[in-house]
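Student: I am new to this structure. Please pick a single part and take me through it closely, along with what surrounds it.

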Amino acid sequence: MSDIWPTELRVSKDRQRLTVIFNDGQSFDLSAEMLRVLSPSAEVQGHGPGQKLTVPGKRNVAIISMTPTGNYAVRIGFDDMHDTGIFTWIYLRELGERGQELFAQYEKELGEKGMSRDVAEKPR
């Protein structure tokens, strides 16, 4: 078990942000968009190396549910019906510490693929 765990998980009234306060006093404000596009789910990360997907059009996604998973994680549900990501305490901490860097990388991937944070990719 991890030595890091949240003492509080708080979703903002507009459901666009999650505040995570850890047992060591560190606090992070994470956007719903970042949580959604960097979800640890197989749907986003793929099932193996090189299968990670870039998910466009999630700028205004909202958190609609949070379900505890054992004593090590939380499953976050979003209003686009994605709810298969199990966010461990360690991953939430990583997103807090490296979120800006990881989100910048995501934005670069969007640009390289001609995608947008505002518009989901049209089916082909």
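Tutor: Start with one term: contact, or touching, means heavy atoms within 4.5 Å. The model is predicted, so local features need pLDDT of at least 70 and side-chain atom pairs pLDDT 80 or more, while totals for chains, interfaces and linings use all residues. Numbering runs from 1 along each chain as its sequence is written, and side-chain values use heavy atoms, without hydrogens or water.

Our part is strand 6 and what lies around it. Strand 6 covers residues 85-88, and Thr 88 is in it. (Strands are DSSP runs of E, at least two residues; helices are runs of H or I, at least four; both are numbered from the N terminus.) Thr 88 touches Tyr 72 and Ala 73, leaving out residues up to four places away in sequence. Ala 73 falls within strand 5, residues 73-78. Thr 88 counts as partly exposed because its relative accessibility is 26%. (Buried is under 20% relative accessible area, exposed is over 50%, partly exposed is in between, with a 1.4 Å probe and protein chains only.) Asn 23 is 65 residues from Thr 88 in sequence, and their C-alpha atoms are 14 Å apart.

Now look at Ile 76, which falls in the range of strand 5. With neighbours within four places set aside, Ile 76 is in contact with Gly 85 and Phe 87. Both of these numbers fall in strand 6. The other contacts of Ile 76 are Leu 18, Leu 35, Ile 63, Ser 65, Met 66, His 82 and Asp 83.

Ile 76 and Phe 87 also lead into the largest nonpolar core, which has 27 residues. (Such a core is a set of buried Ala, Val, Leu, Ile, Met, Phe, Trp, Tyr and Cys residues joined through side-chain atoms within 4.5 Å.) The residues with the most contacts inside this core are Ile 76, Phe 87, Leu 30, Leu 35, Leu 92 and Leu 95. Strand 2, strand 3, helix 1, strand 5 and helix 3 each supply at least two of the core residues. Helix 3 gives the most, with 8.

Next, the loop between strand 5 and strand 6. Met 81 sits there. Its phi is positive, about 75 degrees, though Met 81 is not a glycine. Most residues other than glycine have a negative phi. Met 81 counts as exposed because its relative accessibility is 62%.

Arg 15 also has a positive phi, about 65 degrees, without being a glycine. Arg 15 lies in the loop between strand 1 (6-11) and strand 2. With a relative accessible area of 38%, Arg 15 is partly exposed.

One more loop joins the picture, between helix 2 (42-45) and strand 4 (63-69), and Lys 52 is in it. Lys 52 is partly exposed, at 36% relative accessibility. Beyond four places in sequence, Lys 52 touches Leu 38, Val 44, Gln 45, Gly 46 and Glu 109. Leu 38 is 14 residues from Lys 52 in sequence and 9.8 Å away, C-alpha to C-alpha.

Last, the record. UniProt, in an unreviewed entry, places "domain: Gamma-butyrobetaine hydroxylase-like N-terminal" at residues 10-93. That span is 18% helix and 36% strand, and its end C-alpha atoms lie 15 Å apart. Annotations of this kind may be inferred rather than shown by experiment.
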